[in-house]
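Q: Could you take me on a close look at one part of this protein, the residues annotated as a binding site? I would like to see how they sit in the fold.

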Amino acid sequence: MSNPFFNLYSHGFARVAVGVPECKVADPAFNAAQTIALAQQAAQGGAVLAAFPELGLSAYTCDDLFHQKALLDECEAALAQVVAATADMDIAVIVGAPLRVSHQLFNCAVVAAGGRVLGVVPKSYLPNYGEFYEARQFSAGDCATASEIRLLGQTVPFGSELVFQMEKLPLFQFHVEICEDVWVPIPPSSYAALAGATVLVNLSASNIVVGKSEYRHQLVAQQSARCLSAYMYTSAGRGESSTDMAWDGQALIYENGELLGESERFLGHSHLLFSDVDLERLSRERMRQTTFGQSVRRHHDEVRKFRSVAVPVNPPLEDAELPLERRVARFPYVPADPQRRDARCKEVYSIQVQALVQRLSASGMSKVVIGISGGLDSTHALLVCAKAMDALDLPRSNILAVTMPGFATSSRTLQQARKLMEVVGCTASEIDIRPSCLQMLKDLGHPYADGKPVYDITFENVQAGERTNHLFRIANFNNAIVIGTGDLSELALGWCTYGVGDHMSHYSVNASVPKTLITHLVRWVAESGRLGDEGAQVLLDVLGTDVSPELVPGGADDKPVQKSEDSIGPYELQDFNLYYTLRYGFAPTKVAFLALAAWRDREAGAWPEGGHVARNQYDLAAIKRNLKIFLDRFFRLSQFKRTCVPNSPKVGSGGSLSPRGDWRAPSDSESAVWMRDAERIPDEA
């Protein structure tokens, strides 16, 4: 048996499918055959739920033929075929059919699995405007007098207040509504979500007119986001009558406002759309957003009307490996689409600048002090300071930028710092910290003061602390505030020296911006031409520089012997781990599963997504090794540093680590539970 780690169902996902079968008007036998064929494909593809269009067994455009007994009898016979076919498939199927109940005709969704009908949901809202006149043939769901009906020799639940529970998947509860139901101010699925449904399904026969496709996207996206749910939407396609309407067969699957999949429209044949829904993510979002629970309380009378129906489907947990099919971004903090990426950069800058402007205005300060290393973080922070001064109509000379070479500063970063300060137009100064550091080392009795090459943590921290001491004294002397440069990635990993510039300041502009995003922010400024050709080149030079604290002297080649990523792992991978740990609280095994999906079967190369070069291909062993580094540093070693960070604006929904905002945690907790879970990750795929 294969390792369950490699199966998407082991990590809170479920595969679903929406089908758009070719149909023939008033030919239930043909329509049933098309539906069964797609259902079989869905089951073979690993899905546990497949949904098909409204009135799909009869076709939607039968008009007054719906009142013909011969057609209704044939529809029930076709339904019996579909239900019987599910006996040989481990999948739940939802089909649309006209059904006679207590002298009334209802537009229904029938849920079947294991060769049995599990429940029937009538359409709640019947459109009777424009090209629609459903009230001519059908009764609305609330006209029903029974909560159970006899169908195909069974007594089955009947009503719009049914939530179907997958017996083997506790987080998978689904609700079905029909077409117009989602177009009304309060769709039935809204109450169903409050009653526990995580997957909302819509069987539709929506005809197509100009602009309607985009509006469907808006409806489905908003309903899935508002209900913190997945939303499966399928509509009628080829074969419906063209007497007065046309049909595009649009199928959509959304998850919490994000599009997972969309079928091609106007296809001339039956087609199927798969997506992998993250049920755990939806559950965690509901748990995190406590107003969801408050809504349950407020609408208790509606919620308590819902009945639960068990669905006996066995997900393919013990079959062959079932990898994730949905695309997982390698850089979750950076949009892959260039236009969205540029918009993100503009918004992040605007947030940082506005926050700094407010802090300076409220404090009555007009000057800032910032240390410039020639590296990535201080470069970005300086650019933010420059825009803040512009916004305040203050000269950029009010930025007191200081570069402070020490024992290990390379000529490359020193030249970059000098050039950057020049092109920005700030007041630039340079202080050699080596004399004051030597005095401190001498006072400590450190061997280096006697000429011995001892490069320990004290040797490093003396330099970092001396730089910070200068910055605060310069700020005091000039009635200014110190701007911090440390970023979110460094705070997460504790890769900052307690009480120094990457940890402590009067105000920190980068503290909720991860390294991968800062990389692109700097590149975006370079490519925008905001600093001219000369400024763009220095920014590109900064981007091409290895991230290093430059605290330990290098060799004769003037290159730093320290590289941050050699100690804490690659930022592109650690930012991935941070996002899914901080934003969703996923277990390490799931984070690793997602990382494997993100880096699997995609070649490294220039700008594959998110504006980044994927410098490495990470196999499962590398993913596990770096994840364990992240987990121990994040949960055990670093929280005490984060409990006293300075004020800083939150810039993204990915979270921040401010003890006053997103993240409150004890400073002396253990990492054992996360490390034990990480040990369950296989060493290789």
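A: Happy to! Let's begin with Y129, which is found in the loop between β5 (116-122) and β6 (148-151). Keep in mind that this model is predicted. The UniProt annotation "binding site", from an unreviewed entry, covers Y129 together with S206 and K212. Y129 has a relative accessible area of 44%, so it counts as partly exposed, falling between the 20% and 50% cut-offs.

Now turn to K212, which belongs to helix α4 (residues 212-226). With a relative accessible area of 11%, K212 is buried, because that value is under 20%. What does K212 touch, leaving aside its neighbours within four places in sequence? Its contacts are F132, W183, S206 and N207. S206 also carries the "binding site" annotation from the UniProt record, and the side chains of K212 and S206 are joined by a polar contact of 3.0 Å.

For some wider context, have a look at the open sheet as well. Its 5 strands follow the order β18-β17-β16-β19-β20, with parallel pairing. β18 (427-430) and β20 (507-508) are the edge strands, each with a single partner, so one side of each has no neighbour in the sheet. Strand β16 (residues 368-371) pairs with β19 (residues 481-484) in the parallel sense over 2 bridges, and here V368 stands opposite I481. Helix α12 (residues 457-477) lies across β16, β17 (399-403) and β19, and its direction makes an angle of about 165° with β16.

Notes:
Residues numbered from 1 in each chain as written. Predicted model: local features only at pLDDT ≥ 70, side-chain atom pairs only at ≥ 80, totals over all residues. Heavy atoms only, no water. Pairing = 2+ DSSP bridges. Helix = DSSP H or I, 4+ residues; strand = E, 2+ residues; numbered from the N terminus. Contact = heavy atoms within 4.5 Å. Axes fitted to C-alpha atoms, helices over the stretch in contact; angles between N-to-C directions. UniProt positions renumbered as here; feature names shortened; annotations may be inferred. Buried < 20%, exposed > 50% of the residue type's maximum accessible area, 1.4 Å probe, protein only. Polar contact = N/O pair within 3.5 Å; in protein donor to acceptor, adjacent residues only side chain to side chain.
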